[in-house]
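Open the model in a viewer and keep the selection tool at hand. The tour goes from rings to a pocket, then to cysteines and loops.

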Amino acid sequence: VQLQACGGGLVQAGGSLRLSCAASGGTFSSYVMGWFRQAPGKDRDFVAAISASGRRTEYEDSVRGRFSISRDNAKSTAYLQMNSLMPEDTAVYYCAVDRSTSLLLSRYSNSKEYDYWGQGTQVTVSS
């Protein structure tokens with residue numbers, strides 16, 4: 001599975017961005033999709049995940065209510081809509097595939113459970 005993330009950029013605080021993650025190879029509609037982010041000098045942290053069907057989503061507490069994860073299985077693409085952006089959201093954002101279909105509490109926020117990763121897209125939020 002190859003993943004291509006795009007949509008990052010520079011935005012002022014309070015602004016919005018929409019990230020996209022296009023997948024090729026594999027069976028996209030069978031996989032959990034996740035978004036993670038990594039700020040300079042920090043670990044790669046969980047942001048959001050969506051089940052294979054798209055019916056269930058999970059979010060890290062600091063982004064819940066501001067970010068929204070979705071997917072279009074017909075287009076093999078996942079999205080991360082980011083609203084009310086804050087400077088602390090500045091990071092490289094990565095999409096990833098977990099070859100399981102359901103969001104399991106023990107898995108979805110753990111980067112080690114994901115099998116394939118995109119190249120990352122930079123999001124910079126200015127104050």
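Two rings of Phe, Tyr or Trp (its six-membered ring) count as a pair if their centres lie within 6.5 Å. What you see is a predicted model, and by that ring criterion the structure holds six aromatic pairs.

**Stop 1: the rings**

Select Tyr114 and Trp117 to begin. The centres of these two rings are 6.1 Å apart and the planes meet at 55°, so the pair is tilted; planes under 30 degrees apart would count as stacked and over 60 as edge-to-face. Tyr114 is buried, at 5% relative accessibility, whereas Trp117 is partly exposed, at 28%.

Now extend the selection to Phe36, Phe46, Tyr94 and Tyr108. Together with Tyr114 and Trp117, these residues are linked by ring pairs into a cluster.

Add Arg44 while Trp117 is still on screen. Arg44 lies over the face of Trp117, at 4.8 Å from the ring centre. A second arrangement of this kind involves Arg18, which lies over the face of Tyr79 at 4.0 Å from the ring centre.

**Stop 2: the largest pocket**

Which residues line the largest pocket? Select Arg37, Gln38, Ala39, Lys42, Asp43, Asp45, Phe46, Glu60, Glu88, Thr90 and Ala91 to display the lining. Strand S4 (32-38) and strand S5 (44-50) are the elements that give two or more residues to this lining. Colour the selection by residue class and you should find six charged, three nonpolar and two polar residues. The volume of the largest pocket is about 160 Å³. Phe46 appears in this lining and also belongs to the aromatic cluster of the previous stop.

**Stop 3: the cysteines**

Show Cys21 and Cys95 as sticks. These two residues form a disulfide, with sulfur atoms 2.1 Å apart. The torsion about the S-S bond of Cys21 and Cys95 is about 70°, so the disulfide is right-handed. The bond links distant parts of the chain, 74 residues apart: Cys21 sits in strand S3 (residues 17-24) and Cys95 in strand S9 (residues 91-98). Are Cys21 and Cys95 buried or exposed? Both are buried.

Next select Cys6, which is in no disulfide. The nearest cysteine sulfur to that of Cys6 belongs to Cys21 and is 8.7 Å away. Cys6 is partly exposed, with a relative accessible area of 41%.

**Stop 4: two loops**

Go to the loop between strand S7 (67-72) and strand S8 (77-82), where Asn73 lies. Asn73 is partly exposed, its relative accessible area being 27%. Draw a C-alpha to C-alpha distance from Asn73 to Asn110: the two are 23 Å apart in space and 37 residues apart in sequence.

Ser76 is found in the loop between S7 and S8 as well. What is the sign of phi at Ser76? Phi is positive there, about 50°, although Ser76 is not a glycine. Most residues other than glycine have a negative phi. Ser76 counts as partly exposed, at 22% relative accessibility.

For the last selection, move to the loop between S8 and S9 and pick Ser84. Ser84 also has a positive phi of about 50° and is not a glycine. With a relative accessible area of 41%, Ser84 is partly exposed.

Note on methods:
Residues are numbered from 1 along each chain as its sequence is written. This is a predicted model: local features need pLDDT of at least 70, side-chain atom pairs count only at pLDDT 80 or more; totals for chains, interfaces and linings use all residues. Side-chain values use heavy atoms; hydrogens and water are left out. Buried means under 20% relative accessible area, exposed over 50%, partly exposed in between (1.4 Å probe, protein chains only). A charge sits over a ring if NZ of Lys or CZ of Arg is within 6 Å of the ring centre and within 35 degrees of the ring normal. On a 1 Å grid over the protein atoms alone, a cavity is a set of points where a 1.4 Å probe fits but cannot get out, and a pocket is an open set with protein on both sides within 12 Å along at least five of seven lines; lining residues have an atom within 4 Å of a point. Grid points are joined across faces, edges and corners, and a volume is the space filled by probe spheres set on the points. Helices (H or I, at least four residues) and strands (E, at least two) are DSSP runs, numbered from the N terminus. Ala, Val, Leu, Ile, Met, Phe, Trp, Tyr, Cys and Pro count as nonpolar, Asp, Glu, Lys and Arg as charged, and the others, Gly among them, as polar. A disulfide is a pair of cysteine sulfur atoms within 2.5 Å.
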